[in-house]
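Visitor: Could you take me slowly through one part of this model, beginning with a pair of charged side chains and then following the surroundings inwards? I would like to understand how each step is reasoned.

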Amino acid sequence: MARIDFYGNYHKALRRALFEFSARTGLLDYDDDAALAKLLNEFERITRTLREHSIHEDEYMHPLLQKYAPDVRLTMAGQHSKLDPELAVLESQLRAIADAKDRSAAGMAFYAAINRYIGSYLQHLADEEDMANPILWERCPHDELAEAVARFRASFALDQVATSFEFMLPALSPPERADLYKTVRDNAPPPVYETLLGVAQKTLAATDYDDLQRRLTL
């Protein structure tokens, strides 16, 4: 029986988004109004994604951790309570750059701050994967974990699932993409599967999409 990994695929996508954002903050000309506005818009999207992911973990995984490993849940909740408020501070810091006397210096200060945050966030992701996942696999019955994940998936409208797939697919390896789509194909209504295949065709390079199609026939 395959293990259920609530965290893996989405964590890969979060890492990719944060790494790419970090690189852009280091390359940006902070005196360029349009570029700064674009960076702020991107950061707002990232913060929404991070906050939503935290809420989903709190709602669907933390009750299981509380039941089977309350000490681990306490650790994870403590990390959330520290990391989530820092996003608002970082957003305020980024917004303030436009009015700074020395925008370049303010931009580099934000660059340093966001990378400190990313360092802490990466440790949080690692702790979930190295502490929460193993304890759930060991102590939580497979059917109970599967039911929690099913409720999580059912909470999304199709357009939300499509947005999530668009975010995840570029961060996944070819076998991971194929496994994801096989799961959808085997469990979701055909129109949902076809819609999400369309997301893959739109999101992936042509060679990657062809590879996905090939793997789905194996």
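Guide: In this predicted model, the side chains of Arg185 and Asp186 meet in a salt bridge, with 3.4 Å from N to O. That pairing follows a general idea, which is that side chains of opposite charge can pair when their charged atoms come close. The two partners can also be placed by how much of each is accessible: Arg185 has a relative accessible area of 32% and is therefore partly exposed, while Asp186, with 56%, is exposed, because the limit for that word is over 50%.

This bridge is one of 15 salt bridges that the structure holds, and helix α1 offers further examples. There, Glu20 forms a salt bridge with Arg16, and the closest N and O atoms are 3.4 Å apart. Because Glu20 and Arg16 are four residues apart in helix α1, about one helical turn separates them. Arg24 also forms a salt bridge with Glu20, this time with the closest N and O atoms 3.9 Å apart, and these two residues again lie four places from each other in helix α1, about one turn of the helix. Glu20 counts as partly exposed at 31% relative accessibility, Arg16 counts as partly exposed at 33%, and Arg24 is partly exposed at 36%. Taken together with Glu42, the residues Arg16, Glu20 and Arg24 are linked in a network of salt bridges.

From these charged groups we can turn to the nonpolar side chains. In soluble globular proteins, nonpolar side chains tend to be buried together. The largest nonpolar core here has 46 residues, and among them Phe165 and Tyr181 touch the most other members. At least two residues of this core come from each of α1, α2, α3 (70-96), α4 (103-139), α6, α7, α8 and α9 (206-216), with α4 giving the most, namely eight residues. A second, separate core has 19 residues, including Tyr7, Leu65, Ala69 and Leu136.

Phe165 deserves a closer look: leaving out residues up to four places away in sequence, Phe165 touches Leu180, Tyr181, Val184, Leu196 and Val199. Another residue worth following is Leu50, whose place is in helix α2. Leu50 counts as buried because its relative accessibility is 3%, and the cut-off for buried is under 20%. If neighbours within four places in sequence are set aside, Leu50 is in contact with Leu14, Leu18, Leu87, Tyr117 and Tyr121. Leu50 and Phe167 are 117 residues apart in sequence, yet their C-alpha atoms are 12 Å apart in space.

Phe165 also leads us to the largest pocket, which has a volume of about 1,900 Å³. Its lining is made of 49 residues, and those nearest the centre are Tyr10, Ser164, Phe165, Met168 and Leu180. Two or more lining residues come from each of α1 (8-27), α2 (33-68), α5 (142-154), α6 (158-168), α7 (174-187) and α8 (190-203), and α6 contributes the most, with nine residues. By type, the lining divides into 25 nonpolar, 11 polar and 13 charged residues. Phe165 thus appears twice in this walk, once as a residue of the largest nonpolar core and once among the residues nearest the centre of the largest pocket.

Technical notes
Residues numbered from 1 in each chain as written. Predicted model: local features only at pLDDT ≥ 70, side-chain atom pairs only at ≥ 80, totals over all residues. Heavy atoms only, no water. 1 Å grid on protein atoms, 1.4 Å probe; cavity = no way out; pocket = protein on both sides within 12 Å on 5 of 7 lines; lining within 4 Å. Points joined across faces, edges and corners; volume = space filled by probe spheres on them. Nonpolar A, V, L, I, M, F, W, Y, C, P; charged D, E, K, R; others polar. Salt bridge = Lys/Arg side-chain N within 4 Å of Asp/Glu carboxyl O. Buried < 20%, exposed > 50% of the residue type's maximum accessible area, 1.4 Å probe, protein only. Core = buried A, V, L, I, M, F, W, Y, C linked by side-chain atoms within 4.5 Å. Contact = heavy atoms within 4.5 Å.
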